[in-house]
Amino acid sequence: MDKRVCVIGAGSSGIAAAQVLDARGIPFDCFETGSEVGGNWRYGNDNGMSSAYRSLHINTSRDLMEYRTFPMPEDLPDYPSHWQIAAYFDAYVDHFGLREAISFRTEVVKVEPRPAGGFDVTLRVRDVHGDVSEPEVRRYSDVVVANGHHWDPRWPEPSYPGAETFPGEQLHAHYYRTPDVLEGKRVLVLGIGNSASDIAVESSRVAAETYLAMRRGAHVIPKFLFGVPTDHLTSSPLARGPLPLQQLGMAAMLRLAQGRVTDYGLPRPDHAVLHAHPTVSDDLLTRLGHGDITVRPNIDRFEGSKVFFVDGTAAEIDTVVYCTGYKVTFPFLDERFVTARDNHVDLYRRVVDPEHPGLYFVGLIQPLGAIMPLAEAQSEWVADLVSGEGTLPSYDEMRRQIRVYDERLAKRYVASKRHTIQVDFHAYLAEVVRERRASRERAGHVAPSLRSRVGRRLRRS
């Protein structure tokens, strides 16, 4: 079969894969359900998958989020808004001439492996009037899955007793857009991640009362420390030592800058800093200190409009916002083919499916840092594998590495469906670079300059 790659999705990872494939001269088609690029960062995306709310800004600074092949404009703020990020993605696509290679309003309905190799990809096109075409099947040698993992909301499992008869409004953070829906209400926000913090802060400015409930405590990291973006400090060469040293340094900086989270009424975290995905907020602790947000433990049950918490306290509530994360979902892949049970997918180096040669996943990671540069690195490795300039290790070796990853994950992070795809930015970037070099060496395509290029990339970040 002639080489031709199917890229699913034109969000931040999909367009990175498209750019790399195009630069390498590898034929590809990119399919996007919506009518624009940007995925989750396109506010009001007509593909229905964006979770962006109106006030959203990035939590990783501009310098660490940008594509290495296309730096962000220096006049952007340290933490741009979703509108600025979407404009940046538009500029990226147009700069590399990729827009014509993307089929918009085109849904990938099904991906099926062929017995002799390659994949049958079933497509369905929606025109500007909303009319949907008859399904069309195309054949591809390889498939890159880049459909994102922040679009299929995960509700509490199981639901809380009495929730089905709660007379107020219950919504997931995925559907939250503007604070007017909270104005004058008695609001309960469930969660302690980034969305929960942002929404609780917005609620505290317009709602009659705001409660923030959580299962466990969290370390709250400000966007700025000592006048610079916090990740400029944590990504410096001096901060890239062994994990215990990183934890010690981060804990010391947080203690010096803002004290203990318990001083603000939050529960004491049951884990060390960097053992869970961080909650990044400059406003949450201030609003807690003002008394505008009341902290509660997890929900126990609903009784009418009253919510009872596990500590026995209760509150009359009008609106509940569930910030309970997302499910890793591939609606175009049969579960007998690829499973994502409890958000866990068996992938070699978080990219390669050992069971199905030619199937790759780009951006299916939750980094302590930004996805975009990592998606670029993953795409370069995938391009090597597709073109034959790189080869994979044996099946047994790939399965062994997956077991090692799972074991390290279990030791490092708190048990949560949120942490099944967690990686450290710099460590994972170095891991992908090493694997890419090894794959080229296995194929007999050694790139002497690869190590030096990667060294410069790491130093710049």
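Colleague: What makes the space lined by Ala218, His219, Ile221, His271, Ala272, Val273, Leu274, His275, Ala276, His277, Pro278 and Thr279 a cavity?

Modeller: In this predicted model, a 1.4 Å probe fits in that space but cannot get out, so the term cavity applies. The volume of this largest cavity is about 70 Å³. With a cut-off of 30 Å³ or more, the count is three cavities.

Colleague: How many residues of the lining of the largest cavity are nonpolar, polar or charged?

Modeller: Seven are nonpolar and five are polar, with no charged residue in the lining. His counts as polar under the classes used here, so His219, His271, His275 and His277 go into the polar group.

Colleague: And why is the second largest pocket called a pocket rather than a cavity?

Modeller: A pocket is an open set of points, with protein on both sides within 12 Å along at least five of seven lines, whereas in a cavity the probe cannot get out; that is why the terms are kept apart. About 360 Å³ of space lies in this second largest pocket. Its lining has 16 residues, and those nearest the centre are His219, Ala251, Arg260, Val261 and Pro269.

Colleague: Which helix gives the largest share of that lining?

Modeller: Helix H6, residues 243-258, with five residues. By class, the lining of this second largest pocket has seven nonpolar, six polar and three charged residues. His219 is listed for the lining of the largest cavity, and His219 is also among the residues nearest the centre of the second largest pocket.

Colleague: Let us turn to the sheets. How do you know that E2 and E3 pair?

Modeller: Pairing needs at least two bridges, and strand E2 (residues 28-31) and E3 have two in the parallel sense, so they count as paired. In one of the contacts of this kind, Cys30 has Ile102 in E3 as its bridge partner. The open sheet they belong to has five strands in the order E3-E2-E1-E7-E20, with parallel pairing.

Colleague: What makes E3 and E20 edge strands?

Modeller: Strand E3 (102-103) and strand E20 (359-361) each have a single partner strand, so one side of each has no neighbour in the sheet. Helix H1 (residues 12-23) packs on this sheet, touching strand E1 (5-8), E2, E3 and strand E7 (142-145), and its direction makes about 155° with that of E1. Helix H8 (residues 372-387) packs on the sheet as well, touching E1, E7 and E20, at about 170° to the direction of E20.

Colleague: Why is the pairing of E4 and E5 called antiparallel?Modeller: Strands of a sheet pair through backbone hydrogen bonds, either parallel or antiparallel. For E4 and strand E5 (residues 119-125), the sense is antiparallel over seven bridges, and the bridge partner of Thr106 in E5 is Val125. This open sheet has three strands in the order E4-E5-E6. Strand E4 (106-113) and strand E6 (136-140) are the edge strands, each pairing on one side only.

Colleague: What makes Arg105 worth a look in the loop between E3 and E4?

Modeller: Phi of Arg105 is near 55°, a positive value in a residue other than glycine.

Colleague: How do you know where to read the model with care?

Modeller: The chain averages a pLDDT of 92, and 94% of the residues score at least 70. Over residues 448-461, however, the pLDDT is below 50, although this stretch has 19 contacts in the model beyond near neighbours in sequence. Where pLDDT is low, the predicted coordinates should not be read in detail.

Notes:
Residues are numbered from 1 along each chain as its sequence is written. This is a predicted model: local features need pLDDT of at least 70, side-chain atom pairs count only at pLDDT 80 or more; totals for chains, interfaces and linings use all residues. Side-chain values use heavy atoms; hydrogens and water are left out. On a 1 Å grid over the protein atoms alone, a cavity is a set of points where a 1.4 Å probe fits but cannot get out, and a pocket is an open set with protein on both sides within 12 Å along at least five of seven lines; lining residues have an atom within 4 Å of a point. Grid points are joined across faces, edges and corners, and a volume is the space filled by probe spheres set on the points. Helices (H or I, at least four residues) and strands (E, at least two) are DSSP runs, numbered from the N terminus. pLDDT is the predictor's confidence in each residue, from 0 to 100. Contact means heavy atoms within 4.5 Å. Axes are lines fitted to C-alpha atoms, for helices over the stretch in contact, and angles run from 0 to 180 degrees between N-to-C directions.
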